[in-house]
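Open the model in your viewer and keep the selection tool at hand. This tour goes stop by stop.

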Amino acid sequence: MNIKRLSIIGITSFMLICSCKSALDLKPKTDLDVEKALTGYENLKAALSGVYSLVNSYKYYGPYLNLVELSTDNVEVMKAGNNATTAGIECYSFKRTASMMDIQAWQNAYKPIYHANMVINAIADNAAPNLLQLKGEALFLRAMLHMQLVQAFGRPYVQNGGSNPGVPYMVSTDPALLPFRNTVKEVYALAAADYEKAAGMLSETKSNAYAGKTACWAALADLYLNAGDNAKALTYAEKVINSNQYSLVTGSNYLTYFSTDHSGAADKETIFTIKSVDGQGKGFYGLGYSYTQTKYAAVSVPLLSLLNETTGDVRLAFYTKLPTASGDRYFTNKFIQNGNPAVSSPVIYRLADMYLIRAEANAAANPQAALDDVNLLRKRAGITGSGLYQLSDLHGRANVLQVVLDEGRMEFAFENGRRRAALLRNGLPVIRDYAGSTVPGSHINIPATDNSMIYPIPATEVTVNPNLTQNPF
């Protein structure tokens with residue numbers, strides 16, 4: 001890396017802009033000396049705003065979402081060719097190559113990580129509280145991005161106890177570094193340490209578009225669930241639940257939950273979101289373009305069958321019936337903000353996550369408590385009476401864990417790869433058998449241990465950095 005100067009420009013907020021030939025070979029433009037940009041509260045606040053902007057870039061989150069959503073059994077791709085925005089068929093078909101378009105998510109995650117490190121490393125641990133707030137937010141974002149990367153490019157923690165190669169956990173802005181891959185276990189440990197440290201620094205009450213103490217706890221609950229540590233997952237989920245800062249949105253507020261930017265006073269459920277204001281349309285790079293507008297990624301028949309299994313499930317409102325060449329199909333509208341499919345504010349953590357994390361952590365040791373949490377969400381979805389679960393009636397499921405996983409599948413479909421993570425940490429395959437479809441990937445049974453369940457590291461990255469070992473594919 002050749003670090004020279006840092007450019008800070010204003011759009012909606014200050015945004016750090018850089019050009020690069022690889023994720024770890026950043027060469028920023030030159031407008032403002034780094035020494036000036038990274039001193040003083042206002043400059044550091046502007047720099048942190050740039051990190052948030054890079055996380056919200058169509059170059060990162062859209063491709064990342066394709067990696068973790070199009071590789072599940074929740075979706076059926078309707079055409080084999082790519083549209084203007086995505087190489088999604090490569091994610092969907094499980095045909096992996098080191099030149100896949102959507103693995104650009106790798107380099108576009110390391111850009112905000114790099115800039116987060118500039119903020120983190122510029123603020124001492126004994127700085128004033130307002131500066132520690134900025135450092136804590138940057139630590140949260142650094143940990144979140146590394147965890148998203150390791151979910152896509154590292155094998156599940158539960159395979160070989162996390163000893164498999166993960167991703168480089170970058171804490172430095174040293175231009176000479178050619179990092180090795182940390183193990184999956186090391187990535188989890190470093191991320192957990194960042195979340196814990198951030199939680200101790202985050203003292204301000206800000207909107208859910210900013211990292212806060214409870215967002216750190218939510219992230220830790222998710223991290224430990226995926227690490228197979230149910231006790232810690234339960235502990236952190238309950239810290240969020242018992243904070244009394246959040247409540248499940250109900251009624252019309254639930255039905256319109258995904259059509260807003262989550263900034264309204266009625267939204268008491270969102271813990272952390274990647275916020276886009278209505279004027280921040282991303283055109284055909286918007287999340288709604290592939291998932292709804294072009295009718296590219298339909299809701300799979302098995303997911304739709306689950307949603308229709310019990311009469312009155314209002315979660316069907318999160319899907320829209322649209323005509324296709326093969327008949328009417330349902331598509332998610334979770335990425336349509338105020339009627340605009342080019343704008344969305346994807347939720348990273350919400351209170352419902354914490355209930356289902358707690359439920360999964362309790363499934364074996366305290367099954368009644370697990371069912372109580374599942375039924376809480378089902379009641380919110382309008383399900384009553386015999387539609388609720390009892391230990392004596394699991395509606396044909398083999399065990400309580402299957403109840404929890406099915407509920408999570410319905411509640412979090414198309415949200416941040418929740419279904420994929422659930423399959424991988426529980427050693428379950430991705431199974432598709434979509435009648436009538438000839439699209440590659442529509443008839444598969446991929447074990448959780450298969451090489452194609454994780455993505456290759458981009459070929460350009462391996463070329464630039466010989467210390468990066470490639471994933472088998």
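The stops below run from confidence to a helix, the cores and a helix pair.

**Confidence.** This is a predicted model. Colour it by pLDDT. The mean for the protein is 90, and 90% of its residues reach 70 or more. Now select residues 1–31. Here the pLDDT is below 50, yet the stretch has 88 contacts in the model beyond near neighbours in sequence.

**Helix H3.** Select residues 61–69. Nine of the nine residues of H3 are buried, so the helix is largely enclosed by the rest of the structure. Polar residues are on the buried list too: among its members are Asn66 and Glu69, along with Tyr61, Pro63 and Leu65.

**Leu67.** Stay on H3 and show the surroundings of Leu67. Leaving out residues up to four places away in sequence, Leu67 touches Cys91, Asp102, Ile103, Ala105, Ala152, Phe153, Arg420 and Tyr455.

**The cores.** Leu67 is also among the residues with the most contacts inside the largest nonpolar core, which has 128 residues. Add Phe140, Met144, Phe153, Tyr195, Met354 and Phe414, which complete that group. Then select residues 129–153, helix H6: it supplies the largest share of this core, 14 residues. Apart from this core lies another, of eight residues, including Leu424, Ile444, Ala448 and Met453.

**Helices H7 and H8.** Select residues 184–201 and 213–226. H7 and H8 pack at an angle of about 160°, with axes 8 Å apart. They are therefore roughly antiparallel. Their crossing is left-handed. Show side chains at the contact: H7 brings residues including Tyr188, Tyr195 and Glu196, and H8 brings residues including Trp217, Leu220 and Tyr224.

Key. Residues numbered from 1 in each chain as written. Predicted model: local features only at pLDDT ≥ 70, side-chain atom pairs only at ≥ 80, totals over all residues. Heavy atoms only, no water. Buried < 20%, exposed > 50% of the residue type's maximum accessible area, 1.4 Å probe, protein only. Helix = DSSP H or I, 4+ residues; strand = E, 2+ residues; numbered from the N terminus. Core = buried A, V, L, I, M, F, W, Y, C linked by side-chain atoms within 4.5 Å. Contact = heavy atoms within 4.5 Å. pLDDT = per-residue confidence, 0-100. Axes fitted to C-alpha atoms, helices over the stretch in contact; angles between N-to-C directions. Parallel < 35°, antiparallel > 145°, perpendicular 65-115°, else oblique. Left-handed = near helix turned anticlockwise from the far one by under 90°.
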